[in-house]
Amino acid sequence: MSHLEEVSAFIEGAPPGELNDVVTDIKILTQNEPEIVDQLAPAFEKYNEEQFATVKLPGSSQPVVISSHNSLGGGRYFDVESSSSFDFDHTTQAASNVQSHVLEGAQADLVKSTLKSVGTYVNEHYPNAAFGVYPIESDSKVAVVIVANKYSPNNFWNGRWRSLYIYDPSSGSLEGSVKVDVHYYEDGNVRLITNKPVHASISSGTGAGIAKEISSAERKYQEELNKGFVSLSEGAFKGLRRQLPVTRQKIEWDKVTGYRLGQDLGGGSSKR
Amino acid sequence: MAAVDPFDSALDLLRRLTPKHVATHINSIISIAPDLTEDLLASVDQPLTIKRCRDSGREYLLCDYNRDGDSYRSPWSNKFDPPLDVGGLGGVNEGAGEGAVPSERVRKMEIKANEAFDIYRELYYEGGVSSVYFWNLDDGFAGVVLLKKSSTPGGNSEGVWDSIHVFEAIERGRTTHYKLTSTVILNLSSSADLGELDLSGNMTRQLEQDLPVDNDDSHIANVGRLVEDMELKMRNLLQEVYFGKARDVVGDLRSIGSLSEGARARDQQREVIGGLGR
């Protein structure tokens, strides 16, 4: 029996920056069925497109995004900023065979102006991010993708922020989501996974208007998230286990074996 | 290259994949590598399940240490549920699992430990369920202290806390060498305005200590203090990682303030400091 389904699920669940580690584990666990590793290309493709993998084109220092929104099919993707298309190997995450790809069509001007405005915003708020703007759905809509990664495996943590927005010029609506994924794994395994839907409408219909809305939605979300950490800490966490008993003293264990609930339990309570 | 033990790879994988779904991941690994089944079930901590004691009506917690096949021993009645087959190993074996019940002396300590940690649970958790299981070792005894508390449903946030403290007590005359391995599994989630948020995981810490022992009650007090200190330390650690570290990493990914203004402010500060030095 093949275990491709289980192994593919492991790939899909790989934390930010740890895909190679997960693949190494998979190879050892499946050493009795080595053919399985050769069948993982679809799982890698799904991972790369969903996680917005980034790749530097040969001769360029700017990372470009891999997503279903800039796929040309057959493992080729395009990038608007550099006006190029390229082959992407999903298993090795390497780009090759770069060719000129000039954007044309009804949304070309909106795509370029959005790219410029989103670029200004991204540079102001992301120390290390890749982004892209693409015409999608037969040139009827515009997709905006932002991905920021920070990997610190020496300190046992990695993080990823992904944003995706779809702008519909016919209705002026902007629909999207922000997803945060943080993994901490020093003597443990702690994971933060969030998904915040965003709905807005852009009255101006301009690239600057789109970038402004994204900027304000993401700022608002990050502020809400920071408040969310505080309310989880003060709420659910505090309610699960007290830091100290009500008496604010540790337990006097020598007494505990001889005492029952409702009597003098916490150390020092008799002094109150 | 030396061959890597598949068990180590399985543990590494489980340390990386979403901790909230550890049961699913373990089942998948077991289907791929059935040889690892027993080792994984014995060494990977999973959220505890609750059962009600038929004799006392009180709730108790289930784990590998009070299990024999599909039966679990209640710490309140000392009986397995469902009952073990007559003529089975039950009562003969004094080690952990496999129908083990502790020897009379160790069972006496187990009863006292359950009473003591019931008080501990009420003082620190103000609810929840606790269970303590002891078993004999050749040169002492061992045990596990379990605590579980779920937040009251409703409201915008929910949480479940599971504590699993496994210890060995190696008796050496007037002192005993205690070795404690503690895991806390903490799953939190929040909804409403924030969208979906899940903050879940587990952390493990170990410590070893020699402590004086006068009588068997000293053991309960020693284990009590070790667990109490460990939980205080781990609660602080969880708070730091879950709420401090997670927020800091998000802040490293995206800056709420403008990066160029931040850089300008730092430049100005450097100039001021430089000016003072002149």
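Mentor: Two strands count as paired if DSSP finds at least two bridges between them. Helices (H or I, at least four residues) and strands (E, at least two) are DSSP runs, numbered from the N terminus. The model is predicted, and local features need pLDDT of at least 70, side-chain atom pairs count only at pLDDT 80 or more, while totals for chains, interfaces and linings use all residues. Residues are numbered from 1 along each chain as its sequence is written, chains are lettered from A and ligands numbered from 1 in the order in which they are written, and side-chain values use heavy atoms, with hydrogens and water left out.

Trainee: In the open sheet of four strands in chain A, what is the strand order?

Mentor: The pairing in this sheet is antiparallel. Its edge strands, each paired on one side only, are E3 (71-73) and E6 (94-100) of chain A. Neighbouring strands are turned by 30 degrees against each other on average, direction ignored; axes here are lines fitted to C-alpha atoms, for helices over the stretch in contact, and angles run from 0 to 180 degrees between N-to-C directions. The order is E3-E4-E5-E6.

Trainee: Which residue is the bridge partner of Arg76(A) in E5(A)?

Mentor: Strand E4 (residues 76-79) and strand E5 (residues 84-89) of chain A run antiparallel and are joined by four bridges. In E5(A), the partner of Arg76(A) is Asp87(A).

Trainee: What is the strand order in the open sheet of ten strands?

Mentor: This sheet has antiparallel pairing. Its edges are strand E7 (129-136) of chain A and strand E6 (129-137) of chain B, each pairing on one side only. The twist from one strand to the next averages 10 degrees. The order is E7(A)-E8(A)-E9(A)-E10(A)-E11(A)-E10(B)-E9(B)-E8(B)-E7(B)-E6(B).

Trainee: How many bridges join E11 of chain A to E10 of chain B?

Mentor: Strand E11 (residues 188-201) of chain A and strand E10 (residues 196-212) of chain B run antiparallel. Gly188(A) stands opposite Met203(B) in E10(B). The number of bridges is eight.

Trainee: Helix H4 of chain B lies across strands E6, E7 and E8 of chain B; at about what angle does H4 run to E6(B)?

Mentor: In chain A, helix H4 (residues 108-125) packs on the sheet, touching E7, strand E8 (141-152) and E9, and its direction makes about 160 degrees with that of E7(A); contact means heavy atoms within 4.5 Å. In chain B, helix H4 (residues 104-125) lies across E6, strand E7 (140-150) and strand E8 (157-172). Its angle to E6(B) is about 155 degrees.

Trainee: In the hairpin of E8(B) and E9(B), which glycine takes a positive phi?

Mentor: E8(B) and strand E9 (residues 175-190) of chain B pair in the antiparallel sense over 16 bridges. Gly159(B) stands opposite Leu188(B) in E9(B). The hairpin has two residues between the strands, and the positive phi, near 65 degrees, belongs to Gly173(B).

Trainee: Which residue is joined to Asp81(B) by a cis peptide bond?

Mentor: Most residues other than glycine have a negative phi, and most peptide bonds are trans. Phe156(A), in the loop between E8 and E9 of chain A, has a positive phi of about 60 degrees. In chain B, the cis bond has an omega of about -10 degrees and joins Asp81(B) to Pro82(B).

Trainee: About what area is buried between chain B and chain A?

Mentor: The contact involves 86 residues of chain B and 82 residues of chain A. Buried area is the accessible area (1.4 Å probe) that two parts lose on being put together, summed over both. Carbon and sulfur atoms give 64% of it, and the total is about 7700 Å².

Trainee: How many salt bridges cross the interface of chain B and chain A?

Mentor: A salt bridge is a side-chain nitrogen of Lys or Arg within 4 Å of a carboxyl oxygen of Asp or Glu. Glu18(A) and Arg16(B) meet in one (2.8 Å, N to O), and Arg205(B) and Asp187(A) in another (3.6 Å, N to O). The structure holds 38 over all chains. Across this interface the count is nine.
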